[in-house]
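Dear colleague,

I am handing over the structure we spoke about, with the sequence and the coordinates together below. Please read the notes that follow with the model open beside them.

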Amino acid sequence: MTKRLSDLLRVPAGPVSLDSFDARATPGMRGGKSAGRKRLEKLADPVAELQERLYAESRVGGTRSILLVLQGMDTSGKSGTIKHCVGLLDPQGVGIAAFKAPTAAERRHDFLWRIERKSPQPGMVQIFDRSHYEDVVVVKVHALAAKAEITRRYRAINDFEHRLTDSGTRIVKCFLHISKKTQRDRLKARLDDPTKRWKFNPNDIDERSLWPDYQRAYEIALGRCSTAHAPWYVIPSDRKWYRNWAVTTLLLEHLSDLDPEWPQPDFDVEEQRARLLAS
Ligand code: AMP
Ligand code: MG
């Protein structure tokens with residue numbers, strides 16, 4: 001039996017060194033871009049069916065759900081992943097929450113307040129485009145909170161995620177890992193192409209100059225918050241086609257684990273068929 005991608009990409013126990021993960025690697029994939037794209041196409045039907053089953057199950061009282069967390073440096077492909085993977089799903093069963101710098105109102109609450117409010121509803125696949133991990137990554141890099149508070153947050157995150165998984169949410173946390181060179185190429189493309197300039201923010205270059213600090217902050221967050229109930233996956237993301245296939249495959253594997261069932265009708269099918277035909 002071939003190994004599950006979840007096993008190949010899960011962050012191993014112990015200290016994390018992002019340098020040891022090749023951002024151009026393609027674990028679990030045989031062949032290149034065109035093979036990868038074909039394999040992604042083949043996932044569309046199974047992933048859509050499992051999602052519909054999850055949604056259907058919630059209509060008859062099921063409480064299970066999926067939370068897909070996407071984190072990564074600027075240009076790592078959070079939006080592209082949403083478009084290509086999540087685009088395969090029925091929009092009715094999908095929610096997307098994007099987390100920017102907290103507003104003044106949000107800052108008056110604990111960091112998890114705005115996160116909890118966007119946690120998945122039963123039957124839904126909820127996507128976090130950035131997440132509570134910003135509260136230990138960008139916050140650490142820019143020293144936006146005291147050290148002791150950041151330390152408290154790792155534990156608070158693990159407790160929060162444990163509560164979610166206990167109550168039926170499967171958490172799939174993907175770190176979209178790109179190289180610094182790929183980020184330069186993608187930022188340059190945003191400047192070169194007039195249709196991409198809207199995605200560029202001059203501040204992206206300031207943040208880029210803090211690359212080692214971000215990598216270090218991610219290593220700590222991935223190390224401390226990759227737990228048995230909510231592991232982190234490092235997705236090599238220099239190749240977009242691999243990234244899209246990998247995240248979709250993880251989603252499929254987790255949906256398959258949940259194995260939601262089509263609800264049994266609470267009426268007699270034959271009786272209803274007879275009534276319909278007589279009507
Ligand atoms: P983007 O995803 O490119 O639109 O950028 C959103 C920005 O919001 C990024 O620079 C994030 O680092 C920032 N951000 C998100 N969450 C937080 C947070 N909790 N504290 C500070 N900045 C944040
Ligand atoms: Mg940005």
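Helices here are DSSP runs of H or I of at least four residues, strands are runs of E of at least two, and both are numbered from the N terminus. With that in mind, and remembering throughout that this is a predicted model, one can place R130 in the loop that connects β3 (125-129) with α6 (138-141). Although R130 is not a glycine, its phi is positive, at about 70°. The side chain of R130 also takes part in the surroundings of the ligand, since one of its N or O atoms is 2.6 Å from an oxygen atom of ligand 1.

The residues around ligand 1 are D74, F99, K100, A101, P102, R114, R130, E134, D135, V138 and V139. Among these, K100 places a polar side-chain atom 2.5 Å from an oxygen atom of ligand 1, while A101 contributes through its backbone, with an N or O atom lying 3.2 Å from an oxygen atom of the ligand.

A second residue with a positive phi that I would point out is A143, which is not a glycine either and has a value of about 50°; A143 is found in the loop between α6 and α7.

Helix α7 (residues 147-166) leads on to the helix packing, for it packs with helix α10 (residues 211-225) at an angle of about 45°, the two axes being 10 Å apart. The two helices α7 and α10 are therefore oblique to each other, and their crossing is right-handed. On the α7 side the contact involves T151, Y154, I157, N158 and E161, which meet I220, A221, R224 and C225 of α10. By character, the residues of this contact divide into five nonpolar, two polar and two charged.

The other pair to look at is helix α2 (residues 33-59) with helix α11 (residues 240-258), which pack at an angle of about 30° with their axes 9 Å apart. Because angles under 35 degrees count as roughly parallel, α2 is described as roughly parallel to α11, and the crossing of these two helices is left-handed. The contact is made on one side by K33, G36, R37, R39, L40, L43, P46, V47, L50, Q51 and L54 of α2, and on the other by W241, N244, W245, T248, T249, L252, L255, S256 and L258 of α11. The residues of the contact between α2 and α11 divide into 11 nonpolar, six polar and three charged.

With best wishes

Definitions and conventions:
Residues numbered from 1 in each chain as written. Chains lettered and ligands numbered in written order. Predicted model: local features only at pLDDT ≥ 70, side-chain atom pairs only at ≥ 80, totals over all residues. Heavy atoms only, no water. Axes fitted to C-alpha atoms, helices over the stretch in contact; angles between N-to-C directions. Parallel < 35°, antiparallel > 145°, perpendicular 65-115°, else oblique. Left-handed = near helix turned anticlockwise from the far one by under 90°. Contact = heavy atoms within 4.5 Å. Nonpolar A, V, L, I, M, F, W, Y, C, P; charged D, E, K, R; others polar. Near = heavy atom within 4 Å. Polar contact = N/O pair within 3.5 Å; in protein donor to acceptor, adjacent residues only side chain to side chain.
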